[in-house]
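User: Could you take a close look at one helix of your choice and walk me through it? Once that's clear, I'd like to see how the parts around it and further off are held together.

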Amino acid sequence: MARLALVMLALTTTLVLAAAADLKAFDGWSGGEISLLSSLHIRRLGAAPADPSNAAEAAPVAATAAALGKQLFFDKRLSGNGQVACASCHAPERQFQDSLPRGRGIGEGMRRTMPVVGAGHAAFLFWDGRKDSLWSQALGPLEDPLEHGGNRMAYARTIAAHYRPGYEAIFGKMPSLDGLPPAAGPSGNPSQQAAWAGLPAQRREDVSRVFANIGKAIAAYEKTLGFGPSRLDRYIEAVATRNEAGIDALDKQEKAGLRVFIGKGRCVTCHNGPLLTDQHFHNTGIPAISGKPDPGRSGAITKLLRDEFNCLGKFSDARPEQCEELRFLATGDPAMVSAFKTPGLRGVAARMPYMHAGQKATLRDVVAHYDKAPDAALGHSELRPLGLTPAEIEALLKFLETLASPILQAE
């Protein structure tokens, strides 16, 4: 895999990111449009914000934690059947997702696998935002019976048997597991749950802390993954720097599609910023995959607030005042009924199928949905019909292919 440091080599030309008032029309774009385009450039992203709830991603242990996390990410022993790793669904060769309508581990889930590249820039994770950190997100699938299907005690024993030196270099001495059952956890099968309930509270906390630290190491690795420049980025740079030669990075139809993207199509309303996502949740009238509509974000907020691994929980490294996103989380918002997270669009043309449960097979289907703006089965859709012409649809689809971005890993 290429290294994130190559980004700077690929961006040797200075990118002008001036205010709209200082920009003049170029290649058919107004100064205001050039300012908007510049806001989409990958170089505007910067490093992911530090997560105060995860001390493992900070110096001086960050590199060691990322190295351990990478090993854990690919380790199939972190599953109930020894056949599922994080990389099983978040496959590097598929942009760290799986190209399936719904995630498939030990069983099949109800929603699509989201890519993890760039996820460190999000305040809330998963399609419904039920996790508030990358490390907490990593823990959910490990105990989910349809994904990794494992249990905390078995995971702690795997760390003790195979990763103890690396673990202790980051998190300190592991607790003793002597005298504890081989398998136990609050989300396991009935015998595992009974074994967990029979443990003293302090022993449960010790094992849960090892479990939390597994997530923190995996998150440290995932935060080393980023995007390199796409053809769109090269075009934006050419426009911002008045480079006549560079404007050939997009052809005439692709430029027309970009104009639809930021104009009539209103795509940029939600797909904005360098990752082409506003990181928010929206009801866009996507049909359910069964007769029972998915409540989306509205059904996840209570889970998030009760999660023992959230920012305010005992396993977080943050001070309470550092958990503002959680402390001031809005509840009871009717707009969150059947609302789902805006996915980033980098690499989107090669990431079919689409939507939170793979309801749309192709990008053409997605564009047709947004163009027609059907009513939502649950809640209220934000969409309004677009009235795109066939030529505009073709141009938009062509433009979306220019968002292919190489995935890079920092040292």
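Analyst: One term up front: a polar contact here is a pair of N or O atoms within 3.5 Å, where, inside the protein, one atom must be able to donate a hydrogen and the other to accept it, and residues adjacent in sequence count only if both atoms are side-chain atoms. Keep in mind too that this is a predicted model.

My pick is helix 10, which runs over residues 231-240. Is it mostly covered or mostly exposed? Mostly covered: eight of the ten residues in helix 10 are buried. The buried set is L232, D233, Y235, I236, E237, A238, V239 and A240, and both D233 and E237 are on that list along with the likes of I236 and V239. As for what they pack against, the partners are helix 2 (31-38), helix 11 (252-262) and helix 15 (390-400).

Now the two ends. Where helix 10 starts, S230 brings a side-chain oxygen to within 3.2 Å of the backbone nitrogen of L232. S230 also has its own backbone nitrogen 2.7 Å from a polar atom of the D233 side chain. So you get S230 reaching to L232 with its side chain, while the D233 side chain comes back to the backbone of S230. At the other end, just past helix 10, R242 adopts a positive phi of about 60 degrees.

D233 deserves a paragraph of its own. Which class does D233, a helix 10 residue, fall into? With a relative accessible area of 0%, D233 is buried, because the cut-off for that class is under 20%. Besides S230, the D233 side chain has a polar contact with the side chain of R346, at 2.8 Å. Skipping the neighbours within four places in sequence, D233 touches L40, H41, I42, G228 and R346.

Two of the helices that helix 10 packs on, helix 2 and helix 11, are also joined by a salt bridge. E33 and R259 pair through their side chains, with N and O 3.1 Å apart. E33 sits in helix 2 and R259 in helix 11, so this pair ties together parts that are 226 residues apart in sequence. Unlike buried D233, both partners are partly exposed: E33 has 24% relative accessibility and R259 has 34%.

That's one entry in a longer tally, as the rule counts 25 salt bridges. The basic idea is that side chains of opposite charge can pair when their charged atoms come close. Another pair is D317 with K216, at 3.0 Å from N to O. D317 is in the loop between helix 12 (301-306) and helix 13 (324-327), and K216 is in helix 9 (residues 201-222), so that bridge links parts 101 residues apart in sequence. Its two ends fall into separate classes: D317 is partly exposed at 37%, and K216 is buried at 2%. Then there's R104 with E108, where the closest N and O atoms are 3.5 Å apart; here R104 is partly exposed at 45%, and E108 is partly exposed at 38%.

Zooming out to the domains: the protein is split into domain 1 (55-226) and domain 2 (252-296 + 337-409). Their C-alpha centres are 30 Å apart, and 27 residues from domain 1 meet 25 residues from domain 2 in the contact. Together they bury about 2000 Å², with 56% of that on carbon and sulfur atoms. On the domain 1 side, Q95, R112 and W127 provide 32% of the buried area, more than any other three residues.

What about charge and polarity at this interface? The rule finds one salt bridge across it, alongside eleven residue pairs in polar contact. By class, the face of domain 1 that touches domain 2 has 14 nonpolar, eight polar and five charged residues. There is a salt bridge between the side chains of D294 and R111, at 2.7 Å from N to O, and these two belong to a salt-bridge network with D128 and R130.

Technical notes: Residues are numbered from 1 along each chain as its sequence is written. This is a predicted model: local features need pLDDT of at least 70, side-chain atom pairs count only at pLDDT 80 or more; totals for chains, interfaces and linings use all residues. Side-chain values use heavy atoms; hydrogens and water are left out. Domain bounds come from an automatic or database domain assignment. Contact means heavy atoms within 4.5 Å. Buried area is the accessible area (1.4 Å probe) that two parts lose on being put together, summed over both. A salt bridge is a side-chain nitrogen of Lys or Arg within 4 Å of a carboxyl oxygen of Asp or Glu. Ala, Val, Leu, Ile, Met, Phe, Trp, Tyr, Cys and Pro count as nonpolar, Asp, Glu, Lys and Arg as charged, and the others, Gly among them, as polar. Buried means under 20% relative accessible area, exposed over 50%, partly exposed in between (1.4 Å probe, protein chains only). Helices (H or I, at least four residues) and strands (E, at least two) are DSSP runs, numbered from the N terminus.
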